Amino acid sequence: MSSYNKQNPFLASIKERYSLSKPGSKKKTQHLVLDLRGSGLTYEVGDSVGVFPRHDLELVAKTLQAMKMTGQELIQAKSDGELMPLGRFLTEKANITDISPKLLREVFARQSDVDKKHQLSLLLEEGNREQLKSYLERHEVWDFLAFHSEVEFAPQEIADLLMPLLPRFYSISSSQRYVGEEVHLTVAPLEYESNGHKRRGVCTHYLCCLVELHDPVVPIFIQPSHGFRLPADLHTPMIMVGPGTGVAPFRAFLQERILHHQSKGKHWLFFGEWNRAHDFFYEEDWRIFEQCGNLRLNLAFSRDQDQKIYVQNHMLEQGEEFYQWLEEGAYLYVCGDAQRMAKDVEAALHAIIQEYGSKEPHEAKEYIKRLRQQKRYLRDVY
């Protein structure tokens, strides 16, 4: 049993990092291999890795400037009581990309500029939740403070008004039984513009750009899955729906089932991305799984034709066989975006059961409920 956990993370190094997106792609998805040697950490397929990121020093510098501080000021971290320089606190412990409700209210309370105070008062009104949400999404701590430069804080005050920097979680894309003392991740760096400034996902930028290879500095721990597991019977059929980085755990599942256990069960993967030529992640792996075992691939590349095609469109096209697999006891796994994809996939599942199971809408709902109860419809969505 490893002594490393969320409270005491292991400092891993990245031993390999390469782009899964080929030249010409509008995506920058990467494959990372973390070295677990000396950690004693073990994981099962379906688990996730928790990563405590560090902020880009450029962002920290902007934040200090907006605070009118040098970074040398000593503050006490609320989480563990440690005394440290403000600069280090902002880099390692504080969330400086999201404005906390406490900071927003405190700036409002102290703002002396009448117009700026009025703007904040409107955002804080009970009926304006959507405007507030939109405002917070477009700003980070530094540009919020820079705009409200009339307001000043003592170092400890501002430190106490920031939210903690929380770990980010990534589905593991390897089977430890197959890769040994490594853990593989599939990471899509988040980059966007808002309010005229370039923003980056804190942890994806940290893992894909800031960490030097072979430098044991990445604080990680294993987050066991609650239920996103392989069937106990190695030969049970499996349907996996994983567009984009949602395909990560299915690479792990197939490494374990096909390459490690030589399972003779049927496997059906629905994968989707933008372009086949640029964004067919792990193509070589799927070909190996096809050769070594029983893998069937359904591919949906949304931007390779005028009309966008997604994984749920392929599910509906193959609806009769899809339903047949469920009737034969197949497990259905869905991984990826919770906002749209998972909802669209569930709607397609509902339509398939209704049409090919000759069921009324309420009966199709019951069928899905039973799949969940039998732990045969499992989702890892975020």
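Okay, let's get going. Of the 382 residues in this protein, 50% count as buried. Keep in mind that what you're looking at is a predicted model.

A quick overview, then. The protein has 16 helices and 17 strands. Along the principal axes, its C-alpha atoms fill a box of roughly 70 × 50 × 40 Å. If you take the contacts between residues with a separation of 6 or more, 74% of them come from residues 24 or more positions apart. The accessible surface is about 18,600 Å², and carbon and sulfur atoms hold 50% of that. On charges, we have 47 positive and 53 negative side chains, and the centres of those two sets sit 2 Å apart.

Now let's zoom in on helix α4, which runs over residues 114-123. Which residues are buried there? They are Lys116, Leu120 and Leu123. Those three are on the same side of α4, because they cover an arc of only 55 degrees around the axis. If you want the background, an α-helix has 3.6 residues a turn, so residues three or four places apart point the same way. And yes, you heard right, there's a lysine in that buried set, Lys116.

What do these buried residues pack against? Three other helices: α3 (101-110), α5 (129-138) and α6 (141-147). Turn to the face pointing away from the buried side, and you find Val114 and Asp115, which are exposed. Asp115 also shows up at the start of the helix, where a side-chain oxygen of Asp113 comes to within 3.0 Å of the backbone nitrogen of Asp115.

I just mentioned α6 as one of the packing partners of α4, and there's a residue in α6 I'd like you to click on: Asp143. Is Asp143 buried or exposed? Its relative accessibility is 7%, so Asp143 counts as buried. So what is that acidic side chain talking to? For one, the side chains of Asp143 and Arg199 are joined by a polar contact of 2.7 Å. For another, a polar atom of the Asp143 side chain lies 2.8 Å from the backbone nitrogen of Glu140. Setting aside neighbours within four places in sequence, Asp143 is in contact with Arg138, Asn195, His197 and Arg199.

Another one to look at is His314, over in helix α13, residues 311-317. His314 has 14% relative accessibility, and the cut-off for buried is under 20%, so His314 counts as buried as well. Leave out residues up to four places away in sequence, and His314 touches Phe270, Asn298, Leu299, Ala300 and Ile309.

Last stop, the backbone. Most residues other than glycine have a negative phi. Here are two lysines with a positive one. Lys68 isn't a glycine, yet its phi is about 60 degrees. Where is Lys68? In the loop between α1 (57-67) and β4 (74-76). With a relative accessible area of 46%, Lys68 is partly exposed.

The other is Lys375, with a positive phi near 55 degrees. Lys375 is in a loop too, between α16 (361-373) and β17 (377-381). At 54% relative accessibility, Lys375 counts as exposed.

That's my tour, folks. If you open the model afterwards, try Asp143 and Arg199, with their 2.7 Å polar contact, and then the buried side of α4 with Lys116, Leu120 and Leu123. Thanks, everyone.

How values were computed
Residues are numbered from 1 along each chain as its sequence is written. This is a predicted model: local features need pLDDT of at least 70, side-chain atom pairs count only at pLDDT 80 or more; totals for chains, interfaces and linings use all residues. Side-chain values use heavy atoms; hydrogens and water are left out. Buried means under 20% relative accessible area, exposed over 50%, partly exposed in between (1.4 Å probe, protein chains only). Helices (H or I, at least four residues) and strands (E, at least two) are DSSP runs, numbered from the N terminus. The arc is that of the directions from the helix axis to the C-beta atoms. Contact means heavy atoms within 4.5 Å. A polar contact is a pair of N or O atoms within 3.5 Å; within protein, one must be able to donate a hydrogen and the other to accept it, and residues adjacent in sequence count only if both atoms are side-chain atoms. Accessible areas come from the Shrake-Rupley method with a 1.4 Å probe; for residues, only the protein chains shown count as cover. Lys and Arg count as positive and Asp and Glu as negative; His and the chain ends are not counted. The place of a charge is taken as NZ of Lys, CZ of Arg, CG of Asp or CD of Glu.
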